[in-house]
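Colleague: I would like a close look at one part of this protein. Please start with the whole, then zoom in.

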Amino acid sequence: MLAKVYSGAVYGVDAYPVEIEVNAGHGDPSVVIVGLPDTAVKESKDRVHTAISNSGFRPHVGRTTINLAPADIKKEGPCFDLPIAIGILATQDHLPPERLADYALIGELALSGEVRRIKGVLPIALSVRKSGRRGLLVPVDNAEEAAVVKGLEVYPVHNLREAADFLAGKTPLEPYQVDVDQMFSIPTEHDDDFVDVKGQEHAKRAAEIAATGGHNLILIGSPGTGKSMIAKRIASILPPMTLDEALESTKIHSIAGILRAHQALVIRRPFRSPHHTISDAGLLGGGSHPMPGEVSLAHRGVLFLDELPEFHRNVLEVMRQPLEDGHVTISRASASVTFPCQFMLVAAMNPCSCGYYGDPKRECRCKPSQIQNYRNKISGPLLDRIDLHVEVPTIRYQELSGLVPGENSATIRARVIAARQIQQDRFKSLRRIHNNAAMRSKDIQKFCPLGSEAQDVLKMAITELNFSARAYDRIIKVARTIADLEKTEHIQPHQMQEAIQYRTLDRQLWV
């Protein structure tokens, strides 16, 4: 007898429907799985056989052929255990075919018949809704994640017996629901707050500008000046995520398998801080079955690279194209996968190997050639893609011991949100632009007209300081962000001057 069950599988950040055909015939007892299954899928026949027996059902005795269509795409992981088991039961007249056509199923089976959580449930749920199925049966731990998809009934199941009884019409189940609006109404709390940062008003101002426009930022200073402290607090002043942004981030985190059990959405902007020993595959993504890397896990959030020159040169260089394009494509012999990676890069570094070049109190022990070799680890093209270069000086005792606290993150965040709203209104007709940093050259010409005085300031800087064409565009975008913070429609000369001073590494003032 032939039975059909419906499921889904992940490809990149999206998913596609999978039709599982199970044929129970005569012959020697055996189970054959076709349709390009990987090792985990092939091993499912043993898990499924034991789970069926331990759930009180009698396994089929004879030859069982299982086809996973489409047959030209490789199937990976244990997510097909539950639909394969249901398909085998359907061949024995346990389940009506019309019920099976209404629902899709995903889940890994334990030997006891328990349904275990899997990765990539959110993109699969979106694919099931698109295919027109009525509902989706998922593991209990994945119910919240799948239930954020509107227009799809999500049924959490604990074990194989519960799923079979529901599809047979014996046991009713209530669809799981989540209140997405309530989730976004809860204010996000951060343990790190800018009120803890003593002094460094210039660096905090730069961090506010970077967060407002989504600009890349690098902090340069001696050890102990507060570079990492400031960088880790940038997440606390970023504007809240929209539902579309949350869905994008959640899909990536779900595919990577780093969502917590019962977590519905990623509603806090990601903050990723990989160690400097990371490989290029770990940063960009990769593997025999391509998975998202740190740049994609930081999508719509912050990627913080501390001690930037300590990263391998090839690792930093492969980041250049994703910084420009907002996505990374990983090509393998069997497939080519594209992951989004629109993130805000925040980096920190010392001015030299010992860390004390230019420090007023500590003597630098590095030779000039050592200093230059240390800085040459960061290529010019990569620095060109960083909008704000900020020196973080040593903090004076008066600032450390001062009793007057600085601004807290909530106050700064309110200004950031107000300026981001101006940007959203400006770019509402362009879905591809979410902030000033995402503008291209033609967008700059349209949205950043310069008066004669602002043009004179920029002309003098380009002529005297030999900025590159890419730096020219980035200066204008930063000036546009400063104008948004000050709620001025046109870029003023003093705003252009402030944007120019954030190109420290271009001007080589610290050499």
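What share of the 511 residues of the protein counts as buried? After that, please take me to S236: where is S236 found, and which residues does S236 touch, leaving out those up to four places away in sequence?

Modeller: Keep in mind that this is a predicted model. Of the 511 residues, 52% count as buried. The protein has 24 helices and 18 strands. Its C-alpha atoms fill a box of roughly 85 × 45 × 45 Å along the principal axes. Take the contacts between residues at least 6 apart in sequence: 73% of them join residues at least 24 apart. The accessible surface is about 23,200 Å², and carbon and sulfur atoms hold 50% of that. As for charge, there are 60 positive and 60 negative side chains. The centres of these two sets lie 3 Å apart.

Now to S236. This serine sits in the loop between helix 10 (227-232) and helix 11 (243-256). S236 counts as buried because its relative accessibility is 5%, and the cut-off for buried is under 20%. Its side chain makes a polar contact with the backbone oxygen of R233, at 2.6 Å. A second partner is S409: the side chains of S236 and S409 are joined by a polar contact of 2.8 Å. S409 also appears among the residues that S236 touches, once those up to four places away in sequence are set aside. The others in that set are H190, D192, F194 and R413.

Technical notes:
Residues numbered from 1 in each chain as written. Predicted model: local features only at pLDDT ≥ 70, side-chain atom pairs only at ≥ 80, totals over all residues. Heavy atoms only, no water. Helix = DSSP H or I, 4+ residues; strand = E, 2+ residues; numbered from the N terminus. Buried < 20%, exposed > 50% of the residue type's maximum accessible area, 1.4 Å probe, protein only. Polar contact = N/O pair within 3.5 Å; in protein donor to acceptor, adjacent residues only side chain to side chain. Contact = heavy atoms within 4.5 Å. Areas by Shrake-Rupley, 256 points an atom, 1.4 Å probe, with all protein chains shown as cover. Lys, Arg positive; Asp, Glu negative; His and termini not counted. Charge placed at Lys NZ, Arg CZ, Asp CG, Glu CD.
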